[in-house]
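Me: Please give me a close look at a single part of this structure, in one connected account. I am in my first year, so please explain each term when it comes up.

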Amino acid sequence: MIELSKTKISNLGEVVGGGTPSTADKNNYSTHGIGWITPKDLAEHPFRYIERGERDISEQGLKSSSARLLPAGTILFSSRAPIGYVAIAKNQLTTNQGFRSIIPNDRVVPEFLYYLLKFNTNKIEKNAGGSTFKEISGSTLSETEVIIPLDIKTQKSIADLLGYIDSKIEANIKINDNLLQLSRDVFNYYFEQNTDEYSSIKLGQIINKISTGLNPRNNFVLNVSNANIAYITVKNITEDCLLDISNCDYVDEKALAVIHKRSGIQKGDVLFASIAPLGRCYLVETTPKTWDINESVFSIRPNYQFVSSEYLFLLLSSSRLKKLGENQSAGSIFKGIRISSILDLDLKIPNKSKMNEFTNIVKPYLERRDSLLVENIKLTRLREYLLPLLLNGQVTIR
């Protein structure tokens, strides 16, 4: 039987804040300086460990601000905009003021503390202050009570088991990134270098259908007790062109029938984000039964007489098409693109022989990506199932 103890987070380590050096002095920042993490850097960081963010700060920037140099193994916890991003410092680094980081002491294994914070995020967020923008103060996080195994070996066993699952998820993500880049390289070789002999055409001429999903309004209610169908929005289409359902809302079977009547998604369609982050795509390899889309996601079906699904996916996810889409998008605050603008985009397509040759090369890469995505979804669900059981002592590791 695991011996559990209730304790405050302050008993597990020192809770510290961060800071931002003045941007008025460019010498506060450096191309190869000290890693400096902001919540934005964790927004689409699918790994447990982080080394650096989008920008580095210099020694001068560190000394002139409230940023603090944190040791490897520190747990970063975003305290605002939004609350609850969690990562482990892989090396010495700093953060901005959007974090309350915890430097673990010898009473807790760093990786266990990482999972402990992920498990308690909702509880912590309920204690956030602020009327407009919610924020967790250092004192609030320090005083938060959690339940942990007293035995360090038990903590390590729990962290190792969950970490094994996450290691497999992270390995699959890296493979998928490589497969996408390989597919894009092939696309560029075939279609971006010598297009003089290609036919000019509008996007609307090479597709059979564009549809969208449905927003709740008076149509259905999200997250009812029996909801188990993932409700995909643009935020669930990742930068690397996969689906991330880890922070999805859910609908029930009745709502799915209503949504699918409008979206009609099937194998071979390409999902396209119509609002920011504009232009993110996902190739539907299997007709979905466990998810569907909202109104901000377009489902675009190719006309197979002219193009393949694989070609359309890589075309729509290319930087060239993204820029074209952004130039034709509307909205001053929330950029969006109209269906009519999508249909009017100018393209050049090859002959059928070259299209088939290209498709036969990239199809196995993209199918493999989807199979790894399905595996990661199953692994994520397994991890989320085990997490509360392990931390509550309902399941023990022998």
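Reply: Helices (H or I, at least four residues) and strands (E, at least two) are DSSP runs numbered from the N terminus. The model is predicted, so local features need pLDDT of at least 70 and side-chain atom pairs count only at pLDDT 80 or more, while totals for chains, interfaces and linings use all residues. Residues are numbered from 1 along each chain as its sequence is written, and side-chain values use heavy atoms, with hydrogens and water left out.

The part to look at is an open sheet of four strands, and if you read across the sheet you meet them in the order E13, E19, E16 and E17. The pairing in this sheet is antiparallel, where two strands pair if DSSP finds at least two bridges between them. Strand E13, which covers residues 207-212, and strand E17, which covers 281-283, are the edge strands, and each of these two pairs on one side only. From one strand to the next, the sheet has a twist that averages 20 degrees.

Inside the sheet, strand E16 (residues 270-273) and strand E19 (residues 297-302) are joined in the antiparallel sense by four bridges. You can find one place where these strands meet by starting from Val270, whose bridge partner in E19 is Ile300.

Helix H8, made of residues 309-316, lies across E13, E16, E17 and E19, and it runs at about 165 degrees to E17. For such an angle, axes are lines fitted to C-alpha atoms, for helices over the stretch in contact (heavy atoms within 4.5 Å), and the angles run from 0 to 180 degrees between N-to-C directions.

The aromatic side chains add further detail to this picture. The structure as a whole holds 15 aromatic pairs; rings of Phe, Tyr and Trp (its six-membered ring) pair if their centres lie within 6.5 Å, and planes under 30 degrees apart count as stacked, over 60 as edge-to-face and the rest as tilted. One of these pairs takes us to the loop that leads from edge strand E13 to strand E14 (229-232), where Phe220 is found. Its partner Tyr231 sits in strand E14, 11 residues apart from Phe220, and so the pair links distant parts of the chain. The ring centres of Phe220 and Tyr231 are 5.7 Å apart and their planes meet at 75 degrees, so this pair is edge-to-face. Both Phe220 and Tyr231 are buried, a word that here means under 20% relative accessible area, with exposed over 50% and partly exposed in between (1.4 Å probe, protein chains only).

A pair within the sheet itself is formed by Phe272 and Phe298, whose ring centres are 6.5 Å apart and whose planes lie at 20 degrees, so this pair is stacked. Because Phe272 belongs to strand E16 and Phe298 to strand E19, the pair ties together parts that are 26 residues apart in sequence. Phe272 has a relative accessibility of 5% and therefore counts as buried, and Phe298 is likewise buried, with a relative accessible area of 5%.

To return to helix H8, whose residues are 309-316, it is worth finding Tyr311 there, since Tyr311 belongs to one aromatic cluster together with Phe187, Tyr189, Tyr190, Phe191, Tyr198 and Phe358. When you turn the model, you can therefore follow E16 to E19 through the stacked pair of Phe272 and Phe298, and then look for helix H8, which lies across the four strands E13, E16, E17 and E19.
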